[in-house]
4 protein chains.
Amino acid sequence: MPGKAMVFSFSQLEEFHNYIPGFNVRTDLALEAHEVVSVHEEIPGVQVQKDGDEEVTVNRVSITTEQGSAKMGKAMGNYITLEVPGLRKKNTALQDKVIKIFYKEIQKMLNLNGEQTVMVIGLGNWNVTPDALGPRVVKELFVTRHILQLKPEILGEGYRSVCAISPGVLGITGIETSEVIRGISEHVKPDLIIVIDALAAQRMSRLHTTIQISDTGIVPGSGVGNHRMGINKQTMGIPVYAIGVPTVVDAVTIAGDSMDKLAEKLKKDSPQGNAFAGIVQKMDFGEKRDIIREVLQPFAGDLMVTPKEIDTLIEDISMVIAASLDAAFHSKIAAEEENRPVVH
Amino acid sequence: MPGKAMVFSFSQLEEFHNYIPGFNVRTDLALEAHEVVSVHEEIPGVQVQKDGDEEVTVNRVSITTEQGSAKMGKAMGNYITLEVPGLRKKNTALQDKVIKIFYKEIQKMLNLNGEQTVMVIGLGNWNVTPDALGPRVVKELFVTRHILQLKPEILGEGYRSVCAISPGVLGITGIETSEVIRGISEHVKPDLIIVIDALAAQRMSRLHTTIQISDTGIVPGSGVGNHRMGINKQTMGIPVYAIGVPTVVDAVTIAGDSMDKLAEKLKKDSPQGNAFAGIVQKMDFGEKRDIIREVLQPFAGDLMVTPKEIDTLIEDISMVIAASLDAAFHSKIAAEEENRPVVH
Amino acid sequence: MPGKAMVFSFSQLEEFHNYIPGFNVRTDLALEAHEVVSVHEEIPGVQVQKDGDEEVTVNRVSITTEQGSAKMGKAMGNYITLEVPGLRKKNTALQDKVIKIFYKEIQKMLNLNGEQTVMVIGLGNWNVTPDALGPRVVKELFVTRHILQLKPEILGEGYRSVCAISPGVLGITGIETSEVIRGISEHVKPDLIIVIDALAAQRMSRLHTTIQISDTGIVPGSGVGNHRMGINKQTMGIPVYAIGVPTVVDAVTIAGDSMDKLAEKLKKDSPQGNAFAGIVQKMDFGEKRDIIREVLQPFAGDLMVTPKEIDTLIEDISMVIAASLDAAFHSKIAAEEENRPVVH
Amino acid sequence: MPGKAMVFSFSQLEEFHNYIPGFNVRTDLALEAHEVVSVHEEIPGVQVQKDGDEEVTVNRVSITTEQGSAKMGKAMGNYITLEVPGLRKKNTALQDKVIKIFYKEIQKMLNLNGEQTVMVIGLGNWNVTPDALGPRVVKELFVTRHILQLKPEILGEGYRSVCAISPGVLGITGIETSEVIRGISEHVKPDLIIVIDALAAQRMSRLHTTIQISDTGIVPGSGVGNHRMGINKQTMGIPVYAIGVPTVVDAVTIAGDSMDKLAEKLKKDSPQGNAFAGIVQKMDFGEKRDIIREVLQPFAGDLMVTPKEIDTLIEDISMVIAASLDAAFHSKIAAEEENRPVVH
């Protein structure tokens, strides 16, 4: 077969990802950004609230000032996070419970009435398992817009107009994802957009157990790096919500954590430990980053840490999100969901 | 897992496909439409020309009048078809030969200069093997637009700006494909669009052995049925070219052919044959169609006939098209292609 | 990239498929074979029984003599078929109902006690959508053998030892599927084998709406053609059951049906019709086959007719079968299934 | 849809992986094991030799004593490694060059004559991109055994009998991979087996740029962890060769490296650094491992670090390996390969 000279992945075109300012920690979860930063300082303009039970914790983080936003490295707005450690094991009853909780959270945040058209965007690369969350949710989703336009009588009452698309990634299309979405949005004219994306977490324990929904859309520097232009109200002209699940930890986070834990350990254990820990803590942010670069070269950013059983984890959580969206969008499906008793 | 009431495939929303007017034959190849119709009558305003060698036949069909267009069931414009029976068996040397011929045909038809930006659209459903031609070609294609915009120095000379997207199908997205393309096109502002699509042929022998390129784009009634609004110069405002390979024969064609062949056979073999053949030939077009409907129910159209080894056939021909496009677009790759001697 | 001289698909190595003896009809359903043959003659040694309701029909066909087996073109044994026309539309409540009926039919036929180890084999080609039923069911199945061997305490009570494998197809592996299964079986030493395979039906209406289970295994001439050596008790030395769903109609069936329907139509409609129909009916079996060959050339057999929305149909029915098997195998899962009330 | 109580991934059943004895470094490359260990001590019974040019380095490591084997954590035998940094960028000319070098190395190591039958095994999980190397190579491979058995005249001279299978992974099948292979091997009776597998490297720079072939097969403790019983001459009774490409770095390696690099840095930079580095170096192997566990919890081993563009990297290197095997096996294809001049 013939030759295409060379292919460059987009990562070669990118600078280091955006991490929590001043930390070698990358997280797309507002909850984690708050955990990391609040250990070191007060963060004015950020409210955190927590409820739920022992299976499902619901965290609500609101960032209400520019200052809070800057410290957290996250856009102003509301972030709701469900933490469900049990989801790492397949458990149908627990999945059903999460769907019942999550679809109502979606409804509340979106403030839907009966007439709005929703456009769902599945970000990420179908061919890279941990990045495939968005396309998989879109594949599972119940899409109605064309039926309601062409033969609404087939559906009957209780269904909203929903469309969905997976625009691919810049490295494959050569087009900024935000350009693609804006172009389609201008023709489809939905009332609101929901983007689904695989996220990076700081902590391993959050992989595939945590779902975040926010009213901020996706903004540069808070996201997975490949989507450089914002997908939010400012760029799209209509409300944009984001739903994501952490499927990877950035390798930079692992490397940084390892150094920090080593310093902690020494501090506790050795007589000179305090001094050494002090040295590590005082090490320039840039010096630490140089060490990390050395460990991870020739890849700067864009190294994902992910569990081996990623395929089934992604599949399960995608079904939970698609089912939650279906129930949040369509009153008919919500009613069925409510009639379905939790099985023990 | 919870329930989505019912999913309707788009085929339920569609009427019978558009076939050659007055024939129970569906073909997306202008060459075949001409073969079928010209047996029965003269088609003014259609020119057909043939060259090539015993391995690769190049057919050129031009439809220059509305009348010709109406009789053929094909848009006015130019259609070039490569017939390469040997492609059904994997044969690297032959593939290389086809690429060398085809990329030059593409260049001539597109009349490219060095500066134009090309947007390639892969139509069809990635998850249905015989419909996956478009998405597969897009996946293989060398995409450069983002590199030329962000770091052109990586590429050097000899590369054109190319972007590519697979917009999915209406049944999965809820959005007309033409809306998606128009939306993206208005943002990307390419100079021309090339759509790649799996086609239906009349004859089995054409599956995976025939490549058609035309300057007509895709227009309602000439295509694969699922793309109802035109993707052509009129709707997009810029030149639109279409490249396709037949991967299926419509089941309606098989059923119709079987009846016709039976009539032929009887005509030859039995004393009353002429009378019977006459009866079959005089049978109302609608009557024949009723029989076909009965055979194919509960599916009206949208039944594909496809060989079992479809997976490797699609993979091979997708590589040939992607390589031809790469060479047609980028002078650097064309030069490499020319330096590669044909292996015997 | 370099060249592999030529690749031959297996279909080139095969003779015409085995059809119902004396008919241009290929079906893997005993129910259909009986329908076709019993129109023309009595079939001694074949019992047919039907129950169920308006949503789910359960057919039981028993072939108890060699003569019946020869006439039907099916191995002696028991075949149970669920017909559920509603399955062509996604309907969660109906799927749940089918699972509840089907898992009990499986249990009865397999006559399982608590200790047996089951090996499930997913036949077919993952990369060809209509042939992917077997591999997809295997992917969905709950596999326990390794857990019960290594850490049974994780599972607790109520789980049977189940393993599962998709051995690929001869054209890709170069190894007869039956050799692969026998080899593995001799090491795993299961008590019984269940093979899952995509089937060919005669009637379009049966695609994706019908599930067959039999205690015959798969025998040459009754199957999908690519599995030439039997996978049954004789070759494996242990009981072998087969579960299948029709996903395709053979193109030969379509062509044959069209000719027959044409003859029927003429018989009714025209004065000379009777004579014509008589001629067609008296046409040699071989003569009809010659016409069919002409229509389908250069492909002899191995042309599948399949609906365009094949991807979602396969996905849905695979989940139903996997869930039925899970409940049939594991008393814990059966109990959960029973606690799950049918939703309306 | 109904519920399967819980699914356990195999990683929950496994203990920590086998790393280089005494190091928090996991590598499947003999070359790297030697690099790591030889810094600290002499390794008797291990010979290392290096040739090649600036594009392709060929390393030959021979482990000839039990002692050398124990220190390296690798089986006794011969390991040949091609290092080709340029492969990380798509480069057809370089790929062609690597194929020409690698197929001859394969031929030499396998010492093939014209009559031997080869069975190729693609280890790993098709659904997890970085683990899919083996199944992808098998998919690309030219398989001939069935043709040579059934219709050898189609192929003509110059082809060897080759079969290939991807047996899946324990977590999906419930069957040890080695059981599957042994079972099939006893029926197919090949003369030798080649297993293809995705490997773990120590250094990021080796991902997708390095190919290792060895005559050791795969033995517990030297491999990817999920294949616990050996696939080698002892277990299979015939020669077993292994070909692998590193596609991941173990997260444990990253964490360990980060701590070591921090110690190094401090040693150089700070007055007390020497003392600090000494403490870290004297830290118990177990203490370091405890820190790593803390960073990576709740996942112990089985966390892969992999670049985001994994999909195209895997695809390219799989084609190189498949093409090299084709040429190594079949004299007809080797001749074609040699006639293909390198393009510059």
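Reader: Which residues of α3(B) meet A334(B), E337(B) and E338(B) in α13(B)?
Author: This is a predicted model. Look at the side of α13(B) formed by A334(B), E337(B) and E338(B). An α-helix has 3.6 residues a turn, so residues three or four places apart point the same way. Facing that side from α3(B) are I99(B), K100(B), Y103(B) and K104(B).

Reader: At what angle do helix α3 and helix α13 of chain B pack?
Author: Helix α3 of chain B covers residues 92-110, and helix α13 covers residues 331-339. α3(B) passes α13(B) in a left-handed crossing. Their axes are 10 Å apart, and the angle is about 145°.

Reader: How many charged residues are in the contact of α3(B) with α13(B)?
Author: Sort the contact of α3(B) with α13(B) by class. Three residues are nonpolar and none is polar. The charged residues number four.

Reader: How many salt bridges does the whole structure hold over all chains?
Author: A salt bridge needs a side-chain nitrogen of Lys or Arg within 4 Å of a carboxyl oxygen of Asp or Glu. One such pair is E32(B) with R206(B). A search over all chains finds 68.

Reader: How many residues apart are E32(B) and R206(B) in the chain?
Author: The closest N and O atoms of E32(B) and R206(B) are 2.9 Å apart. E32(B) is in helix α1 of chain B, while R206(B) is in the loop between β6 and β7. Both E32(B) and R206(B) are buried. The pair links distant parts of the chain, and the separation is 174 residues.

Reader: Which residue of chain D forms a salt bridge with E315(B)?
Author: Start at E315(B), in helix α12 of chain B. This pair crosses between chains, ending in helix α4 of chain D. The closest N and O atoms are 3.0 Å apart. The partner is partly exposed, with a relative accessible area of 29%. It is K139(D).

Reader: Which residue meets D250(C) in a salt bridge?
Author: D250(C) lies in strand β8 of chain C, and its partner lies in the segment before α1, so the pair ties together parts 224 residues apart in sequence. D250(C) is buried at 1% relative accessibility, and the partner is buried at 5%. The distance from N to O is 2.4 Å, and the partner is R26(C).

Reader: Which residues of α4 in chain C are buried?
Author: Helix α4 of chain C covers residues 133-140. What covers its buried residues includes β4, β5, β6, β8 and α12 of chain C. The buried residues are L133(C), G134(C), P135(C), V137(C) and V138(C).

Reader: Is Q202(B) buried or exposed?
Author: Q202(B) sits in the loop between β6 and β7 of chain B. Beyond its neighbours within four places in sequence, Q202(B) is in contact with residues including V25(B), E32(B), V249(B) and D257(B). Its relative accessible area is 14%. The cut-off is under 20%, so Q202(B) is buried.

Reader: How far apart in space are E83(D) and T57(D), C-alpha to C-alpha?
Author: E83(D) lies in strand β3 of chain D and is buried at 18% relative accessibility. T57(D) is among its contacts, as are L31(D) and R206(D). E83(D) and T57(D) are 26 residues apart in sequence, but in space the distance is 5.0 Å.

Reader: Which residue does a cis peptide bond join to Q297(B)?
Author: Omega of this bond is about 5°. In chain C, the bond from Q297(C) to P298(C) is cis too, with omega near 5°. The chain B partner is found in the loop between α11 and β9. It is P298(B).

Reader: What is the phi of H208(A)?
Author: H208(A) is in the loop between β6 and β7 of chain A. H208(A) is buried, with a relative accessible area of 1%. Its phi is positive, although the residue is not glycine. The value is near 65°.

Reader: Is K189(B) buried or exposed?
Author: K189(B) is in the loop between α7 and β6 of chain B. K189(B) has a positive phi of about 50° and is not a glycine. Its relative accessibility is 61%. The cut-off is over 50%, so K189(B) is exposed.

Definitions and conventions
Residues numbered from 1 in each chain as written. Chains lettered and ligands numbered in written order. Predicted model: local features only at pLDDT ≥ 70, side-chain atom pairs only at ≥ 80, totals over all residues. Heavy atoms only, no water. Axes fitted to C-alpha atoms, helices over the stretch in contact; angles between N-to-C directions. Helix = DSSP H or I, 4+ residues; strand = E, 2+ residues; numbered from the N terminus. Left-handed = near helix turned anticlockwise from the far one by under 90°. Contact = heavy atoms within 4.5 Å. Nonpolar A, V, L, I, M, F, W, Y, C, P; charged D, E, K, R; others polar. Buried < 20%, exposed > 50% of the residue type's maximum accessible area, 1.4 Å probe, protein only.
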